[in-house]
Amino acid sequence: MKKQESITNCGQAACQQIFEKVADQSGKPGGHLADCPDCAKAAKALEADLAALHRAALRHTPTMPGPVRLPVAASPKKPFWGFGPRPVLAFAASLVLVLGLAVGMGILKTGGPPAVENPGAPLVAELAGGDKNAPGDYPFGQTHILNEDYLILAGEMDLLSGDQTHDEDNFFEDFLDFIAPLAGDDPFFQGRIQQKETSHV
Amino acid sequence: MEAMASFNRNSFDAGPDAELVEKARNGDRQAFDRLVQIYSERIFAMIYARVRNAQDAQDITQEVFIRAYKNMAKLHEAEKFVPWLFSIARNRVTDFKRKKRFLFFWGGSNEVLPAADKVDEEAGGQTALDGLLSREFWSQVDVFAAKLSTGEKEVFFLRFLDQLKIPEIAQVLNKSQSTVKTLLYRAVAKFESDRKLVEYIRKEAS
């Protein structure tokens, strides 16, 4: 280390000891400083200057504009599989939103309106009896016969009450009367209609 | 206010209560809050001496304690709490200055730090005269600091403005104690020879 310029007049290489004492603030002066009042005084003056520097720095430091705010105490870390309710709810909401949009935009097909049970099937089966020429799964009953609109139009059902106006005892006769104009040349119904007419005669 | 009451404006407190640090290390939030009360003003003063803006110093202080809180478990020895806290503060200040320089370079900011004329006169309820005196003081300090090397400046500030002991400075700077002493002796010699600053300080003190 290069020799420092002396700050005392005692002629010895004392300045280094002064700086060491001031920097270390070791308390008791040792070596040359203990013997030389001049150097001891210089060390004391330097200490006082440095202390004054510290005090001045504090004086010229403003107070903190506000208190330090810490985050809310952290909850213990969960394992990656331990999802809380929030992410699960968020995921479910996102899924619903995406599906809703997909259906709304026609990307996802829902398969159209639900299939209607064929209510006419038992009736058709009963009418067919043992006839091997019967049409079997004939869609006529489903699409025309039991549709309420047709029944209402034909006067078979009261529009307001929904009650059927025909006589329960003559249901088959009424039905055949109703179906005659619509059945056309269908051999199955034509046979039944003729049978009914002959039985009446 | 308790935080203010615990901060002595003439000097800094002695080391922390090791028991308090130990409790905070084990996750005791109240113990950590108490450490914040004890050290926030001291860390703020340390940062303010380097950035010279109260709001920036406040923000960095906040960041320092949040980092300390998150990394408290990594502090292995309770007695090293103070140098550990100061090393976090020093790193935050370095980052802050780097960002400032980057913004200045790319035209995002008009400020370059540190600069004596950037003393925050509005902060801390200072009057205009106080502001002028503060500006003058920090200007003198900057003139003196410009005569020191980076290492000398760091150890001088940590020793005489922040009142850390040599072993603590060595921990903050991650240097050996002998290196710190060498830098400090040189810095003290330069301080002693800076008659203008010494006379100014003596005049102010009287």
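Start with helix H10 of chain B (residues 195-205): Leu197(B), Val198(B), Tyr200(B) and Ile201(B) are buried there. Buried here means under 20% relative accessible area, exposed is over 50%, and partly exposed falls in between (1.4 Å probe, protein chains only). The four buried residues span an arc of only 160° around the axis, so they sit on the same side of H10(B); the arc is taken from the directions from the helix axis to the C-beta atoms. Flip to the other side of H10(B) and you find Lys196(B) and Lys203(B), which are exposed. Helices (H or I, at least four residues) and strands (E, at least two) are DSSP runs, numbered from the N terminus.

Some ground rules. This is a predicted model, where local features need pLDDT of at least 70 and side-chain atom pairs count only at pLDDT 80 or more, while totals for chains, interfaces and linings use all residues. Residues are numbered from 1 along each chain as its sequence is written, chains are lettered from A and ligands numbered from 1 in the order in which they are written, and side-chain values use heavy atoms, with hydrogens and water left out.

Now the aromatics. A search of the whole structure turns up twelve aromatic pairs over all chains. Rings of Phe, Tyr and Trp (its six-membered ring) pair if their centres lie within 6.5 Å; planes under 30 degrees apart are stacked, over 60 edge-to-face, and the rest tilted. Here are two of the pairs, both in chain B:

| Pair | Centre distance | Plane angle | Type |
|---|---|---|---|
| Phe32(B) and Tyr69(B) | 5.2 Å | 55° | tilted |
| Phe144(B) and Phe156(B) | 5.1 Å | 65° | edge-to-face |

For the tilted pair, Phe32(B) belongs to helix H3 (residues 29-51) of chain B and Tyr69(B) to helix H4 (residues 54-70) of chain B, so the contact ties together parts 37 residues apart in sequence. Phe32(B) has 2% relative accessibility, so it counts as buried. The edge-to-face pair also links distant parts of the chain: Phe144(B) is in helix H6 (residues 128-145) of chain B and Phe156(B) in helix H7 (residues 150-161) of chain B, twelve residues apart. Phe144(B) and Phe156(B) are both buried. There's a cluster too, made of Phe44(B), Tyr48(B), Phe137(B) and Trp138(B).

Charges get in on the ring business as well. The charged end of Lys153(B) sits over the ring of Phe157(B), 6.0 Å from its centre, and that of Arg159(B) over the ring of Phe160(B), 5.4 Å from its centre. The test is NZ of Lys or CZ of Arg within 6 Å of the ring centre and within 35 degrees of the ring normal.

Which backbone angles might catch your eye? Gln163(B) has a positive phi of about 60° although it is not a glycine. Gln163(B) is in the loop between H7 and helix H8 (166-173) of chain B and is partly exposed, at 28% relative accessibility. Asn174(B), also not a glycine, has a positive phi near 55°. Asn174(B) is in the loop between H8 and helix H9 (177-193) of chain B and is exposed, at 72%.

Over in chain A, there are nine helices and zero strands, and 29% of the 201 residues are buried. Leu97(A), Leu101(A), Met105(A) and Ile107(A) form a nonpolar surface patch with about 480 Å² of accessible area together. Patch members have over 30% relative accessible area and no salt bridge (a side-chain nitrogen of Lys or Arg within 4 Å of a carboxyl oxygen of Asp or Glu); like charges are joined within 9 Å and nonpolar side chains (Val, Leu, Ile, Met, Phe, Trp, Tyr) within 5 Å. Accessible areas come from the Shrake-Rupley method with a 1.4 Å probe, and for residues only the protein chains shown count as cover. Leu101(A) lies in helix H4 (residues 85-104) of chain A and is partly exposed, at 49% relative accessibility.
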